[in-house]
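The following exercises concern one protein model with its ligands. Please work through each task before reading the solution beneath it.

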Amino acid sequence: MSNTAAIIGGGVIGGGWAARFLLNGWDVRVFDPDPEAQRKIGEVLDNARRSMPGLSDTALPQEGRLSFHDTMSEAVQGAEWIQESVPERLELKHKVYQTLQADCSETAVIGSSTSGFKPSELQDCATRPEQIVVTHPFNPVYLLPLIELVPTEKNSADLIARAKATLTALGMYPLHVKKEIDAHIADRFLEAVWREALWLVKDGIATTEEIDEAIRMGFGIRWAQMGLFETYRVAGGEAGMKHFMAQFGPCLKWPWTKLMDVPEFTDELVDLIAGQSDAQSGQHSIRELERIRDNNLVSMMRALKAQNWGAGAVMNAHDVRLSAEAGMVRHASDITDATQPITTVRRAVPVDWLDYNGHMTESRYLHAFADASDRLMEIIGCDQDYIATGGSFFTAETHIRHIDETHLGARIEVHTRVLMAEGKKMHLWHEMYAGDTLLATAEHILIHVSLETRRPAPFSPEIAANLEMICKAQSGLEAPEGVGRYVGAPR
Ligand SMILES: NC(=O)C1=CN([C@@H]2O[C@H](COP(=O)(O)OP(=O)(O)OC[C@H]3O[C@@H](n4cnc5c(N)ncnc54)[C@H](O)[C@@H]3O)[C@@H](O)[C@H]2O)C=CC1
Ligand SMILES: C[N+](C)(C)CC(=O)CC(=O)[O-]
């Protein structure tokens, strides 16, 4: 049975939360009095569906059910997580908690998306303050993992643990903020940078576009992978952090920032900023800008996944959970019917796998088939621990046939057969499908090697036994169409 979340307030952030829950298999019940809410959430969901599945290297679960409700009481029925994302007004948030707590489960977690209010302020006048915590997300909620989880002493250890477990299971990174403070941790930085940027525009030093270039061409990329302190530690050179602080400490007393002052939001300043922003980005609709942003985020986060670093490591851990929940085979002993091909890849086509023809580019077919071979190696016992002992496989030969096109977001599967395995050699056959459509086949010869001598070496007894079991069981299948085909053979 699916888990259920209630989304109270379905604007920019509530829509993102709805997508995060739905695409992780939760049923989602929305309450928002805006008559346009259904359309707006639909558009956010469209963008989430085209970007979020491509962030994973495994398939997301079956999408949950989305429903819209006329009252808050109806929306919170049966919900074990209630996410409040109404406008940032304390009296409104108080009213919302009073209404929803009359009907929601007493054990449900009530998370608030508030950017700035402290949880103790939110808990004031609530019927059950112990249910309410800050769970502050970052836009787009369906892609960015960070959640600032800010409790008070009124929240039990059990509620905090349940909140962390749920957020982690949604592929997020709950940062437990142990002392409440206005604007939590991350928004204090965003506010500082925002103030400084407003001054730079107001004083005519830089345009909105120049400020954005200053961020995205340099330190923005650096922050995405190491944050602030680790970056500055490296900047201190061999002498490290102490040297960095000695060198740049005095600058803090120089007039490098105007952080304590805020320029007055006169009509003139607002028009200046809005006009420059229109000139910079007005050629794109907001939904187009969201898609551009999502493509960039997915591509950058996938690069971090390849390094298993920072946000990428969080995503990889989520993939491991998802593929275990989806019942993907990880070891020969998990195979239930060895007579059939083994599903070694199940995933969506991500944005960075497309080319100028608008379909999956040829090198990514090899990428997917190589992932399938890696998974087969793991299944037969050639996993990271085995490789650390000095044995592995090298691919000696590959033949790929491209049979049909595949596009962004398509759910693909690779089914794998072991055609032959003897001594030091295994012969694999992969078929890639989208539904029942055969997209491509790949035939590989892999040689078992010693990583010490870099020369062929016999299989370990465990690998030999697993390969023999699979090969024998699959030998009843017909020879695959196209096996042994050479390049240029008539079709
Ligand atoms: N926009 C952003 O970048 C971020 C915003 N937040 C926080 O998320 C919360 C929501 O902000 P946004 O989504 O940006 O605002 P928004 O204005 O886009 O959405 C708010 C939604 O709440 C609905 N609403 C108003 N009264 C309601 C009520 N009584 N019951 C249910 N729904 C109601 C509105 O119709 C609207 O759809 C705020 O607390 C904000 O601080 C957090 C992270 C980032
Ligand atoms: C501008 N903001 C304070 C609403 C920003 C956030 O709260 C987080 C974000 O997504 O940047």
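**Exercise 1. Recorded domains**

Task: State which residues UniProt lists for "domain: 3-hydroxyacyl-CoA dehydrogenase NAD binding", and describe the secondary structure over residues 5-179.

Solution. Step 1: the UniProt record, an unreviewed entry, lists residues 5-179 for this feature. UniProt positions follow the numbering used here, feature names are shortened, and annotations may be inferred rather than shown by experiment. Step 2: over residues 5-179 the chain is 35% helix and 19% strand, and 27 Å lie between the end C-alpha atoms. Helices (H or I, at least four residues) and strands (E, at least two) are DSSP runs, numbered from the N terminus. Step 3: for "domain: 3-hydroxyacyl-CoA dehydrogenase C-terminal", the UniProt record, again from an unreviewed entry, gives residues 185-250. That span is 79% helix and 0% strand, with its end C-alpha atoms 25 Å apart.

Conventions: this is a predicted model, in which local features need pLDDT of at least 70 and side-chain atom pairs count only at pLDDT 80 or more, while totals for chains, interfaces and linings use all residues. Residues are numbered from 1 along each chain as its sequence is written, and chains are lettered from A and ligands numbered from 1 in the order in which they are written.

**Exercise 2. Domain division and contact**

Task: Give the domain bounds, and characterise the contact of domain 1 with domain 3.

Solution. Step 1: the protein is divided into domain 1 (4-176), domain 2 (186-283) and domain 3 (328-474), with bounds from an automatic or database domain assignment. Step 2: the centres of domain 1 and domain 3, taken over C-alpha atoms, are 39 Å apart. Step 3: ten residues from domain 1 and ten residues from domain 3 enter the contact, where two residues are in contact if their C-beta atoms, placed from the backbone, lie within 7 Å. Step 4: the domain 1 side has three nonpolar, four polar and three charged residues. Here Ala, Val, Leu, Ile, Met, Phe, Trp, Tyr, Cys and Pro count as nonpolar, Asp, Glu, Lys and Arg as charged, and the others, Gly among them, as polar.

**Exercise 3. Ligand shells**

Task: How many residues surround ligand 1, and which residues are around ligand 2?

Solution. Step 1: ligand 1 is surrounded by 23 residues, the closest being G9, G11, I13, D34 and S115; a residue is near a molecule if its C-beta atom, placed from the backbone, lies within 6 Å of it. Step 2: helix α1 (residues 12-23) supplies the largest share of this shell, three residues. By class, the shell has ten nonpolar, ten polar and three charged residues. Step 3: around ligand 2 are S115, F138, N139, D187 and L190, of which two are nonpolar, two polar and one charged.

**Exercise 4. The eight-stranded sheet**

Task: Describe the strand order of the sheet formed by eight strands, and examine the loops on either side of β6.

Solution. Step 1: the open sheet has the order β3-β2-β1-β4-β5-β6-β7-β8, with mixed pairing; two strands pair if DSSP finds at least two bridges between them. Step 2: β3 (66-68) and β8 (173-176) are edge strands with a single partner each, so one side of each has no neighbour in the sheet. Step 3: β6 (residues 132-136) and β7 (residues 146-150) are antiparallel over three bridges, and T135 has L149 in β7 as its bridge partner. Step 4: the loop between β6 and β7 holds P140, joined to N139 by a cis peptide bond with omega of about 5 degrees. Step 5: C125, in the loop between α5 (119-123) and β6, has a positive phi near 65 degrees. Most residues other than glycine have a negative phi, and most peptide bonds are trans.

**Exercise 5. The five-stranded sheet**

Task: Establish the order of the sheet formed by five strands, and locate the bridge partners in β13.

Solution. Step 1: the order is β9-β11-β12-β13-β10, an open sheet with antiparallel pairing. Step 2: β9 (342-348) and β10 stand at the edges with a single partner strand each, so one side of each lacks a neighbour in the sheet. Step 3: eleven bridges join β10 (residues 391-402) to β13 (residues 437-450); F394 is partnered by I447, and H399 by E443. Step 4: β12 (residues 425-434) pairs with β13 over ten bridges, with H430 opposite A442. In their hairpin, which has two residues between the strands, G435 takes a positive phi near 60 degrees.
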